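Trainee: I would like to go through this model and ask what stands behind the labels. Please set each value against its cut-off.

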Amino acid sequence: MKQAAIIVPEGCTRVLLHACCAPCSSAIVEWLLAHQIEPVIYYFNPNIYPQEEYEIRKNESKRHAEGLGIRWIDDDYRHDIWRESVCGLENEPERGRRCERCFRMRLDAAARKAQELGIPWFATTLASSRWKNLEQINAAGEAAENALSSASDGERKVRFWAQNWRKDGLQERRNTLLKQYGFYNQQYCGCEFSIR
């Protein structure tokens, strides 16, 4: 069964792309550029542990963006704040409530950054992983959009582009680009609770 094509939101020519890592963002960025959409990479992943792992993933993401000549933004690591946000959910299974809270924290930050930069759309590479629950990711993105709209007197300054980035052969293309660029390919989601 053929998957439906990726649909570009009307008027979308620029998007803040929250990137979890270079392997997951590579095929998405390539697709966006091929469809005349300017991506701005936003690296905000305070969940990643340990910090050495964070630095490796961050540097790979930056290397990829710089190689393509696209803007790349690094936000602070702040793992302690992430730990506070998931406190009490340490024993949740993958795809459980801890992941929901983690997605929400990161996409709230992405929505605020998009608004700050005047970029009307934001999306996330988290929606490219077959290990993640797409419904949780989309709910977190929509909640981040709605929270920002509520905080700005209902005026929609940014919109969440809910997209399954596994479509149109992007999962296969990701695997090809992983080898082509020689990216570091992590073996766990990122947080200390996902290592197990």
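Mentor: This is a predicted model, and the questions below take its labels in turn.

Trainee: What makes arginine 173 and glutamate 30 a salt bridge?

Mentor: Their closest N and O atoms are 2.7 Å apart. The cut-off is 4 Å between a side-chain nitrogen of Lys or Arg and a carboxyl oxygen of Asp or Glu, so the pair qualifies. The pair links distant parts of the chain: arginine 173 is in helix H6 (residues 170-181), glutamate 30 is in helix H1 (residues 22-34), and their positions lie 143 residues apart in sequence.

Trainee: Why is arginine 173 called partly exposed?

Mentor: Its relative accessible area is 29%. Buried means under 20% and exposed means over 50%, so a value in between is partly exposed. Glutamate 30, at 32%, is partly exposed by that reasoning.

Trainee: How do you know that aspartate 108 and arginine 104 are separated by about one helical turn?

Mentor: They are 4 residues apart in helix H4 (residues 97-117), which means a separation of about one turn. They also form a salt bridge, with the closest N and O atoms 2.8 Å apart. Aspartate 108 is buried, because its 18% is under the 20% limit. Arginine 104, at 30%, is partly exposed.

Trainee: What makes the pair of arginine 159 and glutamate 145 a tie between parts of the chain?

Mentor: Their side chains meet in a salt bridge at 2.9 Å, N to O. Arginine 159 lies in strand E5 (residues 159-160) and glutamate 145 in helix H5 (residues 134-151), so the bridge ties together parts that are 14 residues apart in sequence. Glutamate 145 is buried at 5%, whereas arginine 159 is partly exposed at 36%.

Trainee: How many salt bridges are there by this rule?

Mentor: The count is 13. Glu55, Lys58 and Asp74 are linked in a network of them.

Trainee: Why does lysine 132 have no salt bridge?

Mentor: The nearest side chain of opposite charge, glutamate 94, is 4.1 Å away, and the cut-off is 4 Å, so no bridge is assigned. Lysine 132 is nevertheless buried. It sits in the loop between strand E4 (121-124) and H5. Leaving aside neighbours within four places in sequence, its contacts include Glu94, Phe103, Arg166 and Cys189.

Trainee: How do you know that cysteine 191 is not bonded to cysteine 189?

Mentor: Their sulfur atoms are 5.8 Å apart, and a disulfide needs them within 2.5 Å, so the distance is too far for a bond. The count of disulfides is 0. Cysteine 102 is in none either; the nearest cysteine sulfur, that of cysteine 189, is 6.5 Å away. Cysteine 102 counts as buried at 7%, and cysteine 191 counts as buried at 5%.

Trainee: Why is H1 called largely enclosed?

Mentor: Of its 13 residues, 10 are buried, so the rest of the structure largely encloses it. Among the buried residues are Cys24, Ile28, Val29 and Trp31. What covers them includes strand E1 (14-18), strand E2 (38-43), H2 and H6.

Trainee: How do you know that the span of H1 agrees with what a helix should give?

Mentor: At 1.5 Å a residue, its 13 residues should span 18 Å, and the end C-alpha atoms are 18 Å apart, so the two agree. Just after H1, glutamine 36 takes a positive phi of about 55 degrees.

Trainee: What makes a positive phi or a cis peptide bond worth a remark?

Mentor: Most residues other than glycine have a negative phi, and most peptide bonds are trans. Arginine 78 is not a glycine, yet its phi is about 45 degrees. It is in the loop between strand E3 (72-74) and helix H3 (79-85). Aspartate 168, also a residue other than glycine, has a phi near 55 degrees, and is found in the loop between E5 and H6. The peptide bond from tyrosine 49 to proline 50 is cis, with omega near -5 degrees; proline 50 lies in the loop between E2 and H2.

Notes:
Residues are numbered from 1 along each chain as its sequence is written. This is a predicted model: local features need pLDDT of at least 70, side-chain atom pairs count only at pLDDT 80 or more; totals for chains, interfaces and linings use all residues. Side-chain values use heavy atoms; hydrogens and water are left out. Helices (H or I, at least four residues) and strands (E, at least two) are DSSP runs, numbered from the N terminus. Buried means under 20% relative accessible area, exposed over 50%, partly exposed in between (1.4 Å probe, protein chains only). The expected span of a helix is 1.5 Å times one less than its number of residues. Contact means heavy atoms within 4.5 Å. Lys and Arg count as positive and Asp and Glu as negative; His and the chain ends are not counted.
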